[in-house]
Amino acid sequence: MSGNNSQLTIENLIEVINGLNNPTLNKQYEAKLNLISNQYGFGVALAKLVSDKNFDPIHRQFSAILLKNYIHKHWENVDGEDVYDVGVDQNASASINQETRLASTEEKSQIKTLLSPLLSDPSSKIRTGIGMCIAKIGAFEWPHDWPGLVDDLVICLNPNNPDLFDGAIRCLEILSDPEFLSEEQSESLMDMVFPIYTDLLTKDIGAMEQIRIINVFRNTVTHVTFIKSISKVLSNKLTKFLPTWIPIFINHLSRVLDINSPKINHHFTIMTGIIEIFALLVQDFPKKMKPHIQQIVSPIWTLFNSCYPIFEKVEINPVHGIVSNFVEDGVTKIDRLVSSIFDFLLQIFTRKTNEMFTPFLKQIYITSLHYMQMSYDLIDLWENDPNLYLENEDENTYSPRVVASTLIQEVCESYKEDGVSALFEAISECFIEANNNKEKSQSWWKIREAALYALSNSSEVLIKKKLFNSSQFLQTNLTQDFVDVPNTPDVGLHILRSRSLICASKFTKDVDSSVTVQFFKQAIHLLNSDESVSPLQLKLSAIIAIGGFGPKIDRDIICPYIPDTIHILTGLIGQLSSDSLSLLLECILLLIKIDKDITGQMEPLLTQHLSQAWVNYANDPLINDVLKDIFRTICACPKSYPGILQRMVPTLNIILSAYNKPIYLAVADSAVDITGVIMARIEQSIDQYLLDQLFAPLLNILMAGSIETERGIIKAALFSVLPFVYKTPAELMVQWTFTPQNSNQPVTGLHAVLLACKRILMESDPFVIVDVPQIINAILVHHSDAIKNQLSSLFELTLQAFYNSKLPTQKQGFSSIFARLIIQHKNLLIDYLAGIPGPNNEGTALEFVLNEWQKHHFDLTNKLDNNVSIVAMCTLFSLNDKRLESIMVDGKLNLPPGSARSRKTGATWTKEPLFVKIVQNLWEVIYMEQQEKNNTNNNTLEETDDEDEEDDEDEEPTEEDIKNYYGDIKVENGFANAEDFADMFSDDGDNYSLSGDEFSENIIDILTKSDPIYNLDLKQYLENFFDNISKTSPQSIYEQIAPTLNQLKINMYKF
């Protein structure tokens, strides 16, 4: 079918359409479709097929869909694709198939001519398809290239020609899609269409046409509210329609709903659209809507109260056949109407001006709770599809149950004590109603469950308000759901127990653990019970509850339950998927953090089941993240080794060695991550077996992987090789060899790491380069002797990468390398840098490195990097190198008046002598320590009188004040000895100590603790530094830093 236009016939298109609809030929004909879609005349042929009533309606409809897609891709280049325009050259496309050929002007004209008459086609599906095509063209061409489009459509808005009328309305509805609507198009729709549509809503037209008119209004309002901050003109134009719209809309909302009407769902849809318009307007134009609020609220309030009997018969306790469950495209049911009512009321009830609702709060709650009862469909999901059930219960779901729950939470928060008191009264009445109906209705439990659901979701508000006795409620109310429960498969009772457990878990932080433990034991009991007593869905609720109870219960109470609970949970892994599995894994994660010894003993069971889940759910990022946290926690337990190595290494080796094979693509990234996690915690030295099995494939990824297409796995590998650099004995690292996949020459492990670093640093991807400095630093610490002969090349490589750095994080990383090099190779490094020109031959490399390092010191976030930087700064003072004394570095950033810090255009840096800048940086560390100490002390000290405090702030300290504060200070050449300032140092340890959860430490946190500088007592170190600087530093340095140091003393005194 390739070639010129003469070969492209309607019969060809029908063949393709038939092939696309054949599951066995689908792929083959997709390729053919891609081939012929670039041919001249393809779009015209589709338009001819859809316009010819002699062809089968299915072929015509499918052709309309293909034409819409063709228009999207070939009309204009809006997606940034490679395109070409060959005009009317019919043969050009035969040789150019990889690019998109734009439709020629002639083709576009023919297509529009063929489509326009089809809006009156007898088939509604064809009219919809044609409407989509015309609207898609209109999005590109109207109003500039097709100015008469909307005028022509407006002419067609004649109810006396039903098919044409319907086609035009469909087209305008699609044209108003807010995703593609421009500001100019919105304004034109308001001017040309809104007046006619407003008038039509007052006439006797079909319900479907009313729905489409309302949709155009809603689409335009959505678009205007989205861009209201940009276009005030459009906002003002829209709000001018309010006085005309509101009476018409209220008339539609005041319609008496007849449940027996065949058009009942259409009426639901019309009301829904109107209420959603009002909700948008109230939310985004509250001032303009304020005069109309009471007028609007009245019919919606009536609907809020009157819809429930219908909703109850349709959704909660459905009466078969009372309302059709099958609706045509564009029609919604009563659940969407109820959701829109709650969404509107949410906008109204939470505004400060609505105290008028305070007397009705209890009734609002009670009505809302009735709407929140579980529907028939939701109960079916609870029984048969736990994942979809959890999705429907998600707080972002747009359903009556979820939106009503949100309304209750917001009302409770907004109306404070009144809101909380009314909620308790409403919940109590619902509990009474449930008890009274136990013998009368099988659905008695639903209102109790709804009340507990609302209570659970409002728990944070209730706990914060301190008006609710959580312990009493749990003991006197929730325990009822676990007493004398018959051993029968009663779904309602199972759901009620499920909800009670979850509700109890929400209040754990507000009750004594002696109360919590009762419900915790119930949850454990349900996990251990057989399917008849506790079906899978109830076990899931027990899992959710355990996740809430766990952090509150004493370790000694919960520990005996951990082994059996983990056995049960791991056994359930294969029965769950997606959302429900995530909940189970979160519960496992909580339990294994409680006791390291128990977790280490459970490692064989955990690794077996979790590694299988990891392979099965490799494409699920949420599950992958939890699994990595679990493995990280298991690895933090000493008793997990060496077992976890024996069980995981063979699997990891297989995946890493063939990471780019299709079968392993999904798990490769996480395999690299897990390798790093496991190896970071290994206590013994790494041996040749681990180098062969894990280190070698990681090096291959770094040396042969595509940085352009495999950035993620390469970044992960840069972290995962770190444990091997840190923990492999230096002798083994230079003796062990392997042959990279992209080379026939064997290399040592250390040489391979350096080659990988060099390869990545020579690339241009800053987001990969940023992870290299940590490896170079590790080599400098643990393999310094082995690289002595390669220092010059290491200097050169690192310096060039530093020159090319664009990201601040890159500059921080390379600053940390040079700080480390100053400590280990100070004179050699400085001599090297002093002899190398700086970037663009400006200054020297020494000036560049020192300047960037000092500028980015306080951007360093890693404790080790901070400590290394501080030690390196202090080291420079002892070198007695005149070259350093003459170097000027950036001091402070001066911003132009009125400019923001984030926009540095026109900003300049002051210049400071290097040693002045270093003193400022070191003193800043002291200041931070003192600030931390003061913040701690302020929590216990009494506040001083505000007036006295203000007076003190304005007083400049005198020399006598300073002498009294610091004692007898000996000043030499304007410089005071540091030992005189020893009392300014915090006694609480250095400012960079880490205080995170030991289980959540990343690879760098774990590994860097072995570096001696990491564990440096920074306070003591700086005390000694300032104590000895006057004795060890040249006099010329004193003269440079004396004025700065004295000013810093004054500032510290004021602080």
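**Exercise 1. Describe the overall make-up of the chain: how many helices and strands are there in the protein chain, and what share of its residues counts as buried?**

Solution. The protein chain holds 54 helices and 8 strands, and these come from a predicted model. Turning next to burial, 53% of the 1055 residues of the protein chain count as buried. The accessible surface of the chain comes to about 47,300 Å², and carbon and sulfur atoms account for 48% of that surface. As a last step, consider the contacts between residues at least 6 apart in sequence: 75% of these contacts join residues at least 24 apart.

**Exercise 2. Work out how helix 19 and helix 22 are arranged: at roughly what angle do their axes cross, and which residues make the contact?**

Solution. Two packed helices are described by the angle between their axes and the distance between the axes. The axes of helix 19 (residues 361–371) and helix 22 (residues 400–414) come within 10 Å and cross at roughly 160°. Because angles over 145 degrees count as roughly antiparallel, helix 19 is roughly antiparallel to helix 22. The crossing of helix 19 past helix 22 is left-handed. On the side of helix 19 the contact is made by Leu361, Tyr365, Ser368 and Leu369, and on the side of helix 22 by Ala404, Leu407, Ile408, Val411 and Cys412. Sorted by character, the residues of this contact between helix 19 and helix 22 comprise 8 nonpolar and 1 polar, with no charged residue. An α-helix has 3.6 residues a turn, so residues three or four places apart point the same way.

**Exercise 3. Carry out the corresponding analysis for helix 21 and helix 32: is the arrangement roughly parallel or roughly perpendicular, and how do the contact residues divide into nonpolar, polar and charged?**

Solution. The axes of helix 21 (residues 386–393) and helix 32 (residues 578–592) come within 6 Å, and they cross at roughly 85°. Since angles of 65 to 115 degrees count as roughly perpendicular, helix 21 is roughly perpendicular to helix 32. Helix 21 contributes Asn387, Leu390 and Glu391 to the contact, while helix 32 contributes Ser578, Asp579, Ser580 and Leu583. These residues of the contact of helix 21 with helix 32 divide into 2 nonpolar, 3 polar and 2 charged.

**Exercise 4. Assess the surroundings of two helix residues and of one helix: is Gln854 buried or exposed, which residues does Leu828 contact beyond its sequence neighbours, and how many residues of helix 43 are buried?**

Solution. Begin with Gln854, whose place is in helix 46 (residues 845–856). Its relative accessible area is 1%, and because buried means under 20%, Gln854 is buried. Leaving out residues up to four places away in sequence, Gln854 touches Met873, Leu914, Lys917, Ile918 and Asn921.

Leu828 lies in helix 45 (residues 808–834) and, with a relative accessible area of 47%, is partly exposed. When neighbours within four places in sequence are set aside, Leu828 is in contact with Leu791 and Phe795. Leu828 and Leu791 are 37 residues apart in sequence, and their C-alpha atoms are 9.4 Å apart in space.

Helix 43 (residues 773–782) is mostly covered, with 8 of its 10 residues buried. The buried residues of helix 43 are Pro773, Gln774, Ile775, Ile776, Asn777, Ala778, Ile779 and Leu780.

**Exercise 5. Examine the backbone in three loops: where are Pro143 and Pro642 found, and what is the phi of Asn840 and of Asn841?**

Solution. Pro143 is found in the loop between helix 6 (124–141) and helix 7 (149–155), and the peptide bond from Trp142 to Pro143 is cis, with omega near 10°. Pro642 lies in the loop between helix 34 (621–635) and helix 35 (643–657), where the peptide bond from Tyr641 to Pro642 is cis, with omega near 0°.

The loop between helix 45 and helix 46 holds Asn840 and also Asn841. Although Asn840 is not a glycine, its phi is positive, at about 55°, and Asn841, likewise a residue other than glycine, has a positive phi near 60°. To judge exposure, note that exposed means over 50% relative accessible area: Asn840, at 70% relative accessibility, therefore counts as exposed, and Asn841 is exposed with a relative accessible area of 65%.

Technical notes
Residues numbered from 1 in each chain as written. Predicted model: local features only at pLDDT ≥ 70, side-chain atom pairs only at ≥ 80, totals over all residues. Heavy atoms only, no water. Helix = DSSP H or I, 4+ residues; strand = E, 2+ residues; numbered from the N terminus. Buried < 20%, exposed > 50% of the residue type's maximum accessible area, 1.4 Å probe, protein only. Contact = heavy atoms within 4.5 Å. Areas by Shrake-Rupley, 256 points an atom, 1.4 Å probe, with all protein chains shown as cover. Axes fitted to C-alpha atoms, helices over the stretch in contact; angles between N-to-C directions. Parallel < 35°, antiparallel > 145°, perpendicular 65-115°, else oblique. Left-handed = near helix turned anticlockwise from the far one by under 90°. Nonpolar A, V, L, I, M, F, W, Y, C, P; charged D, E, K, R; others polar.
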